[in-house]
Amino acid sequence: MPKLDICFSPELLPLYDLRGQVAVIVDILRASSTIVTALGEGVTHVFPVASLAECTAYGQEYGCLTAAERDGLPAAGFDLGNSPFGFLDGARPVRGRALTISTTNGTTALRRSLAAEAVVVGAFLNLAAVADFARRQGRDVLVVCAGWKGQFCLEDTVFGGALAERLADDFDVRSTDATLAALHLWQQGKAELSTYLLQSAHVRRLNSLEASHDFEFCLRIDAYAHVLPLWQTDRL
Ligand code: 3SL
């Protein structure tokens with residue numbers, strides 16, 4: 001039976017061998033949720049990049065929309081920040097456009113995970129799509145939590161627990177303490193997920209940036225149940 005494990009921070013990635021595995025990149029607040037929303041709202045594909053300079057360069061080379069965030073705030077000089085509402089509120093048409101995005105933690109975590117056999121972006125918004133993909137692949141899964149500047153994040157870990165619960169019949173979700181801990185946290189919080197995660201550091205950070213509506217949106221389980229951002233060559 002394949003195994004599901006959880007890497008609590010990209011800083012821990014050197015401890016894992018990604019080869020042959022499915023890597024699920026998760027940054028619930030907000031990069032992975034924003035990428036899923038963008039694709040769900042008709043963006044054709046996404047170039048996730050680590051640096052702002054790359055974001056500018058991709059924007060120029062491909063003529064695509066640019067989105068960038070640093071320290072929770074939209075970075076200057078780009079079309080959009082990292083709020084899913086940038087793809088929803090209709091202020092800027094996104095359907096049919098490509099997008100490049102750079103965020104503090106999420107897109108960097110993805111770029112650092114490309115040694116995996118398959119790389120997908122996971123969020124509560126597309127939990128079903130990620131679980132279906134993992135089942136079809138039948139390979140070991142590593143959930144890579146983007147965290148915050150190398151530190152553990154509650155919301156990314158709780159997502160790992162939610163995915164482990166969905167896959168519990170088909171995957172070994174009991175062989176690492178990381179997955180056990182994530183399952184316990186998810187089971188503790190799932191009945192009142194928003195209340196539970198209100199305690200988390202990043203929610204407090206977003207609230208101070210007046211982005212609390214983003215938080216509620218990012219917890220909508222399976223709102224984009226069929227959106228699967230899958231890394232192919234150089235894009236999702
Ligand atoms: O670090 C990231 O990748 C971002 O998702 C953080 S924020 O939610 O935009 O602050």
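Modeller: A residue is called buried when its relative accessible area is under 20%. Keep that cut-off in mind. The model here is predicted.

Colleague: How many residues of α5 are buried?
Modeller: Helix α5 covers residues 154-166. Its buried residues include Leu154, Phe159 and Leu163. The helix is largely enclosed by the rest of the structure, because its buried residues number 11 of the 13.

Colleague: How far does helix α5 reach from its first C-alpha to its last?
Modeller: The helix has 13 residues. At 1.5 Å a residue, 18 Å is expected. The model comes close to that, with a reach of 19 Å.

Colleague: Which residues touch the most other members of the largest nonpolar core?
Modeller: This core holds 73 residues. Helix α5 gives the most to it, with six residues. The residues that touch the most other members are Leu4, Val143 and Leu163.

Colleague: Which residues is Val143 in contact with, leaving aside its neighbours within four places in sequence?
Modeller: Take the partners in groups. Leu4, Asp5, Ile6 and Cys7 form one run on the list. Phe159, Gly160 and Leu163 are there too. The remaining contacts of Val143 are Val24 and Val26.

Colleague: Are the faces of β2 covered or open, and by which residues do we know?
Modeller: Look at each side of the strand in turn. Val22, Val24 and Val26 are on one side, and they are buried. The other side has Ala23 and Ile25, also buried. Both faces of β2 are therefore, by the under 20% cut-off, covered.

Colleague: Which residue stands opposite Val24 in β7?
Modeller: Strand β7 covers residues 118-122. Five bridges join β2 to β7, and the two run parallel. Opposite Val24 stands Val120.

Colleague: Which residue in β8 is the bridge partner of Val26?
Modeller: β2 also pairs with β8, residues 141-145. That pairing is parallel, over five bridges. The partner of Val26 is Cys145.

Colleague: Which residue in β8 stands opposite Asp5?
Modeller: β1 is joined to β8 by four bridges, and the two run parallel. Asp5 is on one side of β1 with Cys7, while Leu4 and Ile6 are on the other. Opposite Asp5 stands Leu142.

Colleague: What is the relative accessible area of Ile6?
Modeller: Ile6 sits in strand β1, residues 4-7. Its contacts beyond its sequence neighbours within four places include Tyr16, Leu142 and Ala182. Ile6 is buried because its relative accessible area is 0%.

Colleague: How many Å apart in space are Ile6 and Val24, C-alpha to C-alpha?
Modeller: In sequence, they are 18 residues apart. In space, the C-alpha to C-alpha figure is 9.3 Å.

Colleague: Which are the edge strands of the open sheet?
Modeller: This sheet has four strands, ordered β3-β6-β4-β5, with mixed pairing. Within it, β4 and β6 pair in the parallel sense over four bridges. Thr66 stands opposite Thr100 in β6. The strands that pair on one side only are β3 and β5.

Colleague: Which elements give two or more residues to the lining of the largest pocket?
Modeller: The pocket has a volume of about 200 Å³. It is lined by 14 residues, and those nearest its centre are Arg30, Pro74, Asn82, Ser83 and Asp214. The elements giving two or more residues are β5 and α9.

Colleague: Is Asp214 buried or exposed?
Modeller: Asp214 has its place in helix α9, residues 212-218. Leaving aside neighbours within four places in sequence, its contacts are Arg30, Ser83, Pro84 and Phe85. Its relative accessible area is 1%, so Asp214 is buried.

Colleague: How much space lies in the largest cavity?
Modeller: The search of the whole structure finds two cavities of 30 Å³ or more. The largest has 13 lining residues, and Leu29, Arg30, Glu69, Asn82 and Trp148 are the closest to its centre. Its space is about 70 Å³.

Note on methods: Residues numbered from 1 in each chain as written. Predicted model: local features only at pLDDT ≥ 70, side-chain atom pairs only at ≥ 80, totals over all residues. Heavy atoms only, no water. Expected span 1.5 Å × (residues − 1). Buried < 20%, exposed > 50% of the residue type's maximum accessible area, 1.4 Å probe, protein only. Pairing = 2+ DSSP bridges. Core = buried A, V, L, I, M, F, W, Y, C linked by side-chain atoms within 4.5 Å. Contact = heavy atoms within 4.5 Å. 1 Å grid on protein atoms, 1.4 Å probe; cavity = no way out; pocket = protein on both sides within 12 Å on 5 of 7 lines; lining within 4 Å. Points joined across faces, edges and corners; volume = space filled by probe spheres on them.
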